[in-house]
Amino acid sequence: MTSSSRGHHPPPRCPAEREVALPVATRRVRATLSALGLRARLVDAGPGHDPCAWWCDLLGEADAVSVACGMGKGSREEARTGALFEAVEHYLTGPAGFDPGTVALAAPAELAAGPLYEDVCAALLTRMSGRRMACARYRAIDGAKFPRDGLSGEGGVLVPLFLSAPWYLEAGSAPLRELLDDRCDYADLMRYSCNSGSAIGVTVAEALLHALNEAIERDALSLLLVRAFLGGPGFRPRLIDPGTLPDGPARAYAVARELTGSPVHLLDITTDLGVPTMLAYTLPTSRHPHRRGTGTSLSPSHAAWRALTELVQTTLGERLPAGTHRGPTAPAAHPGLRACSRFDLGRALREAHVVPLSSDAPAGTPGDQVRTVVAALAARGFTAYGRTVHTLPSGVAAVHVFVPGLERFMLVTDGNLVIPGRRGRAAAVSAENVSVSLPRL
């Protein structure tokens, strides 16, 4: 090292879709835990593997009762930090972090006539008269003004709380619903409830990017299910040639094959939205349901990395004491939905188009990427709404994003008796005539 260069080290490179380098992110999430009065118990779910997965339990400082948990994936340190962030996300967006003062009540029928009119739940909401439903206020993400204005400002739209908070519908939350004077019957609605669109980051921009990508990812998976099992014959998925994967995804592909003991299929399931989305998948067998991991990113290689490392995480997670398998398949009375929930792509894969992984293009900062993704949604007629659930002194923020009209039909793979919305039905018809009858709402 010469005297002129001594002490001038380049700053650590920020990972894709991140605002800060990994060591900085780790310090911030640990500062967040300290501020919340929580401590983390971390478990390496796959010693000796690279990429790997870590499990995190969050405990109160005074006892050993778990208040939230999460998993992280990737390189060793990336997975450890990711597990911390996900556990904090689940804490902040769960009952422990809930602020009843942020709730507004609205008539379900009025909600169905607003931005929710395209959602599959709208028909159910219109039948619920004489009640008011707990909602949170969301604001449109204006790509032209983001991140200058963030999610600030007056107005916005009300979105039912149940859509983003499955815990709100559990028996243990009955006192909270009574406190809020929410006396709606959620028996038919609860199957559509999921935390899709929730995310955390070291800034609001970073969190929003991950939330938007997750909403797009779930929509893409839903449309794949529709086209593969509810449309007519002729569906041909796009199968990525593993020989075209760069080093990181190629290593994850090899580890996924080793852990699952099965052929791994990496599919490009990008939709008309144009945001690269990948599915890493293994076929179901007589001994085990299918396994999968999904990833969405403006970078195709990062989308592949996320999908493959999520498959690694899913597989390693089965070894943990709290590991779970997917729920039961849909009832035999609905063969199309039953086929979706089983998710056997064996026949379609035999007819797949084998394609190379697309090349990356510069994507910019998380704020730049938020603007790009919001613009991609707007170009197809979709408005993204977001709300900041919590912002901590460390800068760490938890958010939720809702994009009316995007699909959540992927819930069928958890055994939920759900049907596609307008977008899913249109996808089935555009592929071929719908070949199955769907249950009525």
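How far should the 14 residues of helix H7 span at 1.5 Å a residue, and how far apart are its end C-alpha atoms? The expected span is 20 Å, and the end C-alpha atoms are 20 Å apart, so the two values agree.

## Confidence

This is a predicted model. Its pLDDT averages 90 over the protein. Of the residues, 90% score at least 70. Residues 1-13 are another matter: there the pLDDT is below 50. Beyond near neighbours in sequence, that stretch has five contacts in the model. Where pLDDT is low, the predicted coordinates should not be read in detail.

## Helix H7

Helix H7 covers residues 247-260. Its buried residues are Pro 249, Ala 252, Tyr 253, Val 255, Ala 256, Leu 259 and Thr 260. What do they pack against? Their partners are two strands and a helix: E10 (277-282), E11 (291-296) and H8 (300-317).

Gly 261 comes just after H7. This glycine takes a positive phi of about 65°.

## Helix H6

Helix H6 runs over residues 204-230 and has 27 residues. From first C-alpha to last, H6 reaches 38 Å. That is close to the 39 Å expected at 1.5 Å a residue. H6 is mostly covered, with 23 of its 27 residues buried.

## Arg 423

Arg 423 lies in helix H12, which spans residues 422-431. Is Arg 423 buried or exposed? Its relative accessible area is 14%, which is under the 20% cut-off, so Arg 423 is buried.

Which side chain does Arg 423 join through a polar contact of 3.0 Å? The partner is the side chain of Asp 219. Arg 423 also touches other residues beyond four places away in sequence, among them Leu 223, Thr 271, Asp 272 and Leu 273. Phe 382, Gly 405, Leu 406 and Glu 407 are on the list as well.

## Strands around E13

Strand E13 (residues 385-391) pairs with strand E14 (residues 397-402). The two are antiparallel and share six bridges. Thr 391 stands opposite Ala 397 in E14. E13 and E14 form a hairpin, with five residues between them. In the turn, Gly 395 has a positive phi of about 95°.

E13 also joins strand E5 (residues 133-140). These strands run antiparallel, and two bridges link them. Ala 140 has Tyr 385 of E13 as its bridge partner.

Methods
Residues are numbered from 1 along each chain as its sequence is written. This is a predicted model: local features need pLDDT of at least 70, side-chain atom pairs count only at pLDDT 80 or more; totals for chains, interfaces and linings use all residues. Side-chain values use heavy atoms; hydrogens and water are left out. Helices (H or I, at least four residues) and strands (E, at least two) are DSSP runs, numbered from the N terminus. The expected span of a helix is 1.5 Å times one less than its number of residues. Buried means under 20% relative accessible area, exposed over 50%, partly exposed in between (1.4 Å probe, protein chains only). pLDDT is the predictor's confidence in each residue, from 0 to 100. Contact means heavy atoms within 4.5 Å. A polar contact is a pair of N or O atoms within 3.5 Å; within protein, one must be able to donate a hydrogen and the other to accept it, and residues adjacent in sequence count only if both atoms are side-chain atoms. Two strands pair if DSSP finds at least two bridges between them.
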